[in-house]
Amino acid sequence: MAQAEGGYYVPHQSSWPIIGSVGVTALVVGIALYLEGIGAGPWVLGAGLLITLWMVVGWFGDVVREGLTGLYSDQVDRSLRWGMIFFIFSEVMLFAAFFGALFYARVLSVPWLSGADPATSRLIWDSVALTWPTAGPANAAMEWRPMGPWPLPTINTLILLTSGVTLTAAHHALKDGNRGKLVGYMWATIALGLVFIGLQAYEYYHAYEHLNLRLETGIYGSTFFMLTGFHGMHVLIGTLMLGVIAVRCMKGHFRPEAHFGFEATAWYWHFVDVVWLGLYIFVYIL
Amino acid sequence: MTNMIARRRFGHLGLLAGLMLLATPALADFSLINMTRGVTESSQEIYDLHMTIFTITVVIGLGVFGAMFYSIFRHRKSRGVKPAKFHHSTAVEIVWTVLPLVILVGMAVPATRVLIDLDDTSESEMAVKITGYQWFWGYEYMGEDVQFLSRLATDSDVARQLDSGINPASVPNYLQNVDRRLVLPVDTRIKFQITAADVIHSWWMPDLGWKKDAIPGFVNETWTVIEEPGVYRGRCAELCGRDHGFMPIVVEAVERDEYEAWLAEQQAGGEPGTTADGTDAAEAGEELAAR
Amino acid sequence: MTATTQDHAHHAEEPTGFKRWLVTTNHKDIGSMYLLFSLAMFLVGGAMALVIRAELFQPGLQVVDPYFFNQMTTMHALVMIFGAVMPAFTGLANWMIPLMVGAPDMALPRMNNWSFWLLPFGFAILLSTLFMPGGGPAGGWTMYPPLMLQTGTAFPFVIFAIHVLGISSIMGSINVIATILNMRAPGMTLMKMPLFVWTWLITAYLMIAVMPVLAGAITMLLTDQYFGTSFFSAAGGGDPVLYQHIFWFFGHPEVYILILPAFGIISTIIPAFARKPLFGYSSMVYATASIAFLSFIVWAHHMFTVGMPLAGQLFFMYATMLIAVPTGVKVFNWVATMWRGAMTFETPMLFALAFVFLFTIGGFSGLMLAIAPADFQYHDTYFVVAHFHYVLVTGAVFAILAAAYYWMPKWTGHMYNERLGQWHFWLSTIFVNVLFFPQHFLGLAGMPRRIPDYSVQFADWNMVSSIGGFGFGFAQLIFVWLLYKCIRGGQKAEARAWEGAEGLEWEVPSPAPHHTFDTPPVIR
Ligand code: HEA
Ligand code: HEA
Ligand code: CUA
Ligand SMILES: [Cu+2]
């Protein structure tokens, strides 16, 4: 029953999904409790995190084992590919919402608030003309500076672009069956990811300490931290994924002709890269 | 067998008719089932637009449903028909793609005209600023130094409490009366500047032909020219919390000279509390702070 | 359902009892769970609707406090949309798509289980907020700020519950897409797929495109509340209306998510009972795709009164009106399918016919709403409530009921009781019109939506509407009873339960064995 005779692998019943549901529920309930200042929050959150991690490790462990025992036909492989493609598409749309907020603020709400058509907001805010970047009409007195593209974000751009290259090099090495090179490039990519995260952490520190740029800094601060923060989270997850894949590379899990796990992670990483380019242009430069 | 089903059908129709009978008292009065024509040029244009589109859809509906019911009656297996085999016809399909498109263009033209007209707030002769609060309205006659708040009338407020035991029908203008009306002159191009202090509200006066959202931090503009004197009633039309259902609007449209007199009275201090004497604002402030 | 499906299962290695349902990866099991969950949520959401209708039975407040009324309105909508209609469609997809395309199961069976099980957990969180200090969410299902930010303790729970439901929908959709694109039996080209499969492919795509946008919107609500951001506050340079744009960018495609699979169902059932092939198969496919495309560029027709620039209003008005064209193509095709067929009127067909009739009425009122200047009068009145219940209840829900009757023999192996089915249909159809038709009048006459109490001129029609509401609600209990009886027993169903039914699902025995198409069928 576990395996259909026709060849498409239909797994055994699995406990991971239900464990995952419990884990995710505990996780979000924990965060909600914490946000509402209810004592049990952090504990529930912690438990949720642990259960979810357990699920992730266990579930992917199963998948890896099944892959290694050759249960996955080409057709299964294609299912996984479609799955990953559409997962990434959903992530693109998540970022689209935040980019949409940025564009709306810059093109519409800020000019409106500073008295452009419809001209009447002056009735409420005797507005000094607002120009981007701004913290909004009520925060005119606030002392702060925006984050320019130089030097950190530009360096970070180069780092991410380079990491894209090293990852592609790793992919070529994998297809050539050169494990030494593969592993080397993988760790290089991971190192670049870590440096990126480090620099971004520093950038945030710099923003809070030296620029007085915060989440509370009106719409500029909101969009800046939301976009870069969500992106940073994705880099972090991507780096973790790369780490797992690197270890699997070292164990020789991938064959030149079948290495979907590697490819999926690479797609993810490239997606994170492309989002960054959007950020670099629209958050830092323009 | 068929006979039995047919008889049962008639039974159902009887039930339907019975239920419809329940509703006859309301049918007599069209104001209870259709949009008001209102008392401004735009409201009448909108009413006409509404009736036009409604009629078009009814006509299309009669055609589509007519064909459907004809088919249901004639092309049924119990009449021994053999099903046809056709399954497409490019010509027909093109016709019924293009035809609706043409009809839609026909609808879009008048709609566009009315919309453009409504959008133009220039050349107004006076302006009123309207502010939505949880859960009452504030009015300010711009440049006239007259402002006041307008709340649900007390008798309605008492009657509307849960299990008040008061029959709403015994309260005159239940839920559509206020303590202070917005007095406006007729035949005057009035601009409204609409905003809110806490959450989003929406200022809706059906007889003027539009509603406009009151959005905190922004000001929306629109205009009207009221053609007939009278008392017009409207309400908040955007969910704004617990008492959203209890913030009515009453406009009293009067002749210009009457309006001037009323305004002068207000400026002179008028009836206690009706002017911009600050007491109301303070009251409102307290009420807001209490939340 | 347990009893019947297990008889035919290879139960040797499979866990039994409750555990079986927790860990199953079988698309039929998961489909059944989705469907039963959806039915339960329909009753819960319906019970909330009855609270609303009871309060609105007469003017004055008799039953609930206004704040609780708002919670009921909000929850009713969230439960119906995310708990009843969407899971019902996903359940149908789970059961039928593998059967229709000749696949052994869904493409990603384990994830399938996860998609389902997140739902009860998500709803447990959502419904529990009703019991929290300050009550549940009361800002309407649209959750507009700043009002939504006044929610009490429930606030973050609501946000996260919706996140969980969204994750579930996205995973479910990914699964559907992977199944359709990758699991079709040899020879089943895209243009040979049953229309239900086509409409679901496009629906799944819509869902993956817009559920994350909703997630983004409510995440910004969350940070505005707890982390001092000002996305939706003018003081900081944001705009409450920004939320509405993002929400409706999700919300409008969402309403088509709630109707496209229904179109697929109707396109399956009408040919079966007219004994005549569907008219205009390919134009049906193109029309569905056009509707999906247009759905992304019409969102602001929900916001004509917010004070958009004129150009925006005109654009959104025109784009919205355009949707009538592909939808019209569908309606005309259905009528042309009936034309010169040889129709019989079993319960699924009756619901399908009522769908065509009543959905079209809902579509017409939609078109009226699309006319921006007229919408200045209609907006936020019961006219809108009437519109969307015609498309949602006599549209989506009727289609789901039609599908349930149509495929019930395949699921349970028994024919349902046709007499009860006919009763259910006629009572539902009569009462649903008594319930929602007068709401057009109320809206036009000036009754706003989302109010617990109203002035006395609205009393008569509200009373009629409430009577219809209770009538319709109790009529649904007939269905529950009928379903129970059908699962327990009844006349044995043939493999091809309906004379005119076409499609691979009718090639396998009834009830469908636990595993089907282990070796793919070949389609000529
Ligand atoms: C299943 C769900 C569903 C569907 C299918 C639709 C379909 C449509 N809807 Fe509806 N709508 C909702 C669910 C849905 N809607 C909901 C839930 C809300 C309220 C949300 C809230 O505020 O809470 C809403 C609100 C809503 C509004 C906002 C109203 C307001 O708040 O002021 C508008 C405005 O344009 C609108 C328009 C339309 C249109 C034009 C269609 C079209 O798709 C209809 C097209 C169909 C036809 C026109 C009929 C068939 C066609 C023919 C027979 C061809 C010939 C016809 C002509 C040429 C006229 N809808
Ligand atoms: C698919 C979606 C869907 C469905 C199926 C329904 C179904 C119904 N809705 Fe709907 N409704 C919405 C979606 C839906 N609604 C939305 C989106 C809104 C807008 C919310 C907002 O403004 O934010 C809304 C708002 C709304 C309002 C307006 C509220 C307001 O503005 O304040 C009303 C009022 O009459 C109403 C009534 C009903 C009724 C009577 C039904 C009936 O069809 C329900 C029938 C079913 C039953 C009655 C269940 C039967 C069960 C029993 C009789 C027994 C109960 C037993 C147990 C629980 C064990 N709904
Ligand atoms: Cu104010 Cu609703
Ligand atoms: Cu819409």
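How far is an oxygen atom of ligand 1 from an N or O atom in the side chain of Trp141(C)? The distance is 2.8 Å, and the legends below place this pair in its setting. The model is predicted, so local features need pLDDT of at least 70 and side-chain atom pairs count only at pLDDT 80 or more, while totals for chains, interfaces and linings use all residues. Residues are numbered from 1 along each chain as its sequence is written, chains are lettered from A and ligands numbered from 1 in the order in which they are written, and side-chain values use heavy atoms, without hydrogens and water.

**Figure 1. Ligand 1 lies between chains B and C.** The shell consists of 32 residues, the closest being Tyr256(C), Asp375(C), His379(C), His387(C) and Arg449(C); a residue belongs to it if one of its heavy atoms lies within 4 Å of the ligand. Besides the pair with Trp141(C), an oxygen atom of ligand 1 is 2.6 Å from a side-chain N or O atom of Tyr256(C). Ala370(C) takes part through its backbone, with an N or O atom 3.3 Å from an oxygen atom of the ligand. Two or more residues of the shell come from each of α8 (240-257), α12 (324-338), α13 (347-370) and α15 of chain C, and α13(C) gives the most, with 8 residues. Helices are DSSP runs (H or I, at least four residues), as strands are (E, at least two), numbered from the N terminus.

**Figure 2. The iron atom of ligand 1 has a single donor from the protein.** This donor is NE2 of His387(C), 2.2 Å from the iron. Donors are N, O and S atoms within 2.8 Å of the metal (3.2 Å for Na, K and Ca); water is not among the atoms, so sites may look incomplete. His387(C) is placed in helix α15 of chain C. The copper ion (ligand 4) is 4.6 Å from the iron atom of ligand 1.

**Figure 3. Ligand 2 is surrounded by 31 residues.** Among the closest are Arg53(C), Trp141(C) and Arg450(C). Where Trp141(C) meets ligand 2, a backbone N or O atom lies 2.9 Å from an oxygen atom of the ligand. Arg449(C) places a polar side-chain atom 3.0 Å from an oxygen atom of ligand 2. Helix α3(C) gives the most to this shell, with 8 residues. The shell divides into 21 nonpolar, 7 polar and 3 charged residues, where Ala, Val, Leu, Ile, Met, Phe, Trp, Tyr, Cys and Pro count as nonpolar, Asp, Glu, Lys and Arg as charged, and the others, Gly among them, as polar.

**Figure 4. Two histidines, His76(C) and His389(C), coordinate the iron atom of ligand 2.** Each binds through NE2, at 2.0 Å. The pair joins distant parts of the chain, with His76(C) in helix α4 and His389(C) in helix α15 of chain C, 313 residues apart. The site is octahedral, with angles of 88 to 180 degrees among its 6 donor atoms; six donors count as octahedral if opposite donors are over 155 degrees apart and all others between 65 and 115. For comparison, ideal angles for six octahedral donors are 90 or 180 degrees. Both His76(C) and His389(C) are buried, that is, under 20% relative accessible area (1.4 Å probe, protein chains only).

Methods. A polar contact is a pair of N or O atoms within 3.5 Å; within protein, one must be able to donate a hydrogen and the other to accept it, and residues adjacent in sequence count only if both atoms are side-chain atoms. Four donors count as tetrahedral if all angles lie between 85 and 135 degrees; four count as square planar and six as octahedral if opposite donors are over 155 degrees apart and all others between 65 and 115; anything else is irregular. Buried means under 20% relative accessible area, exposed over 50%, partly exposed in between (1.4 Å probe, protein chains only).
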